[in-house]
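Me: I'm new to this one, so could you walk me through a single part of it in some detail? I'd like to follow how the strands pair up, one after another.

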Amino acid sequence: MPELLAMLAGVIAILVLAYFATRLIGTYGAAIPGSARMGEICVLRQIPVGRAERIVLVRVHQKCLLLGVAQGGVNVLCELSEEDSAKWLEAPVPTEGMDFLSALRKSVEKKK
């Protein structure tokens, strides 16, 4: 009986730690050493080219990359030259994505 209570306490402790860890990551993001901070990596444009494929323009630090995204992975198609990426680098970095309610309202307005 004491062994069962000890295992139950251990499972509860793990669940509580997992809950707080996910809350912390959800609030502040996963800080991986060497990873980019908010605003250093930004998706500027996405163009679907198939059912599950798309071309994505991404700003990484002070460079712009054109990526091909498919179910099999992500491939760098090209790195934009300084002249081509100048207009994208001058554009403001979105600080936050659109919340669900705003996206829903925008979608409903388009259909009217």
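**Strand by strand**

Reply: Sure, and keep in mind that this is a predicted model. Let's start at the hairpin of S2 and S3, where two residues sit between the strands and histidine 61 has a positive phi near 55 degrees. On either side of that turn, S2 and S3 (residues 63-70) run antiparallel and are paired through seven bridges. If you want one contact to look for, find leucine 57, whose bridge partner in S3 is leucine 66.

Now step back towards the N terminus. S1 covers residues 41-48 and S2 covers residues 54-60; these two are antiparallel and joined by seven bridges. They make a hairpin as well, with five residues between them. Here a handy pair to pick out is glutamine 46 with its bridge partner in S2, valine 56.

Then go the other way, past S3. Its pairing with S4 (residues 73-79) is antiparallel too, and it runs over six bridges. This hairpin has two residues between its strands. For a landmark, take leucine 67, which has valine 76 as its bridge partner in S4.

While you're tracing the side chains, one general point helps: along a regular strand, they alternate between the two faces of the sheet.

So to retrace the path: S1 pairs with S2, S2 pairs with S3, and S3 pairs with S4.

Definitions and conventions. Residues numbered from 1 in each chain as written. Predicted model: local features only at pLDDT ≥ 70, side-chain atom pairs only at ≥ 80, totals over all residues. Heavy atoms only, no water. Pairing = 2+ DSSP bridges. Helix = DSSP H or I, 4+ residues; strand = E, 2+ residues; numbered from the N terminus.
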